[in-house]
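Biologist: I have a few questions about this one before I go back to the bench. Can you pull it up?

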Amino acid sequence: MLKNVSFLIKPASSLCNMRCGYCFYTDEAANREFASLGIMTRETSRSLVKAAFEEVSPGGVVSFAFQGGEPTLAGLDYFRDFIRLEQEFKKPGVTILHAIQTNGLLIDREWAAFLKENNFLTGISIDGDKAVHDLHRIDASRKGTWNRVSQSFALLKSQGVDVNILCVVTGISAKSPQRIYNTFKRLRADYLQFIPCLDPIEEERGGRPYSLKPKEYASFLCGLFDSWYLDWKSGRYVSVRLFEDYVHLLMGMPPSTCSTSGNCGSYFVVEGDGSLYPCDFYVLDEWRMGKIGDMPLENFASGEVALRFLREGMQKPEVCAECRFVRLCGGGCRRDRIFTDNSIRNYFCEAFKTFFSYAEVRLTEIARAEEAVMRRISGGGKGLKD
């Protein structure tokens, strides 16, 4: 049995009501035999929920995170039925976690009430202020979406939903880290996540209008950190997931994402037809592990496809062996690693080195302060090693 079972579920497959210029999943879907694998049926949802609770050990955690495409296109009734299935199969002592990442276009009061009632951690995708966001995040009519999306975020906040912002960093938005950060503060966002945009699969990095180059990413991270650090110093704290991961790593704690740890295999992706994959960035025919319900989850996790994926994910860039910052980046996300016949390198390696050199002293300062708080709470204990 598994102590923790985590699913990233795509109930509407690659279907979306937006046409984001940089969408990695549109590109991913285009590289499969079938771009859309359909809206998830009740039978598939039932197999998924049943498998989760059969495999989780007593006292364990089951995490259901919904993503897309755009997951709300599956309809609110789909999600209500999913909750009913959980009640049918859940076991005593097992914790259930819910999350959803949405573009926000369909969010209304009915959605907000559901998300609040069922404790969904809700991520809204916003790329900054109106000018930056509307440059790439447009709807099917090619119209900007910032006004509607920011209103959805405000609605969720007003209804008490646990909501955060996910911002995709492009080469253009990387020029304005403080402006973007301050925009999110004006929206009263307390939790922020920034992820670098991806170029299309098998395409040389850096050639698209939206592409994020390493020097641009380094500049963005340094500028963002300056603003975040000043807020921390003055007691006006805003959560930035990436920076918190680095602080936790300095404290000897695990990071919250596989990309920060540099290790793969922390969850299962479930596509609309029930197909299983090892990672959201590799929902491709080559990496299809099978179909939910065909065999126990442990068998999928120990199967040939999953093990091959883990083996390849363990191949780190050679420079990591001598880099003093490897404890903070772990070699980076596998999707950013460039494999050639003779070497492996991380596309953003120089960006990370630049940032860590710039922010290391202040990251360590924050880590020490957090450890001091923890010691006061616990009544003692050892601190950070020099």
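Biologist: Leucine 73 first: what does leucine 73 count as, buried, partly exposed or exposed?

Modeller: Partly exposed, because its relative accessibility is 33%. Keep in mind that this is a predicted model.

Biologist: Where is leucine 73 found?

Modeller: In a loop, the one between strand E2 (56-66) and helix H3 (76-89).

Biologist: And which residues make the nonpolar surface patch with Leu73?

Modeller: Leu15, Ile39 and Leu106 make it together with Leu73. The patch covers about 280 Å².

Biologist: Change of topic, cysteines. How many disulfides does the count come to?

Modeller: Zero.

Biologist: Why is there no bond for cysteine 16?

Modeller: The closest cysteine sulfur belongs to cysteine 20 and is 6.1 Å from the sulfur of cysteine 16, which is too far for a bond because a disulfide needs the two sulfurs within 2.5 Å.

Biologist: Is cysteine 16 buried, exposed or partly exposed?

Modeller: Partly exposed, with a relative accessible area of 28%.

Biologist: What about cysteine 323, how far away is the nearest cysteine sulfur?

Modeller: The sulfur of cysteine 349 is the nearest, 6.1 Å away, and cysteine 323 is in no disulfide.

Biologist: Buried or exposed, that cysteine 323?

Modeller: Cysteine 323 counts as buried, because its relative accessibility is 19% and the cut-off for buried is under 20%.

Biologist: Which helices are on either side of cysteine 323?

Modeller: Cysteine 323 has its place in the loop between helix H12 (304-313) and helix H13 (326-329).

Biologist: Back to the patch for a second. What separates cysteine 323 from isoleucine 39?

Modeller: Their C-alpha atoms are 45 Å apart, and along the chain the two residues are 284 residues apart.

Biologist: Now the whole chain. How many helices and strands are there?

Modeller: The protein chain has 14 helices and 12 strands.

Biologist: What radius of gyration does the chain have, against that of a compact globule?

Modeller: The chain has 21 Å, and a compact globule with 386 residues would be near 21 Å, so the two agree. The C-alpha atoms fill a box of roughly 55 × 55 × 45 Å along the principal axes.

Biologist: How many of the residues count as buried, in percent?

Modeller: 54% of the 386 residues. As for surface, the chain exposes about 17800 Å², and carbon and sulfur atoms supply 53% of that.

Biologist: Last one: what share of the contacts join residues at least 24 apart?

Modeller: 69%, taken among contacts between residues at least 6 apart in sequence.

Notes:
Residues are numbered from 1 along each chain as its sequence is written. This is a predicted model: local features need pLDDT of at least 70, side-chain atom pairs count only at pLDDT 80 or more; totals for chains, interfaces and linings use all residues. Side-chain values use heavy atoms; hydrogens and water are left out. Patches are made of residues with over 30% relative accessible area and no salt bridge: like charges are joined within 9 Å, nonpolar side chains (Val, Leu, Ile, Met, Phe, Trp, Tyr) within 5 Å. Accessible areas come from the Shrake-Rupley method with a 1.4 Å probe; for residues, only the protein chains shown count as cover. A salt bridge is a side-chain nitrogen of Lys or Arg within 4 Å of a carboxyl oxygen of Asp or Glu. Helices (H or I, at least four residues) and strands (E, at least two) are DSSP runs, numbered from the N terminus. Buried means under 20% relative accessible area, exposed over 50%, partly exposed in between (1.4 Å probe, protein chains only). The radius of gyration is taken over C-alpha atoms; the globule rule is 2.2 Å times the number of residues to the power 0.38. Contact means heavy atoms within 4.5 Å.
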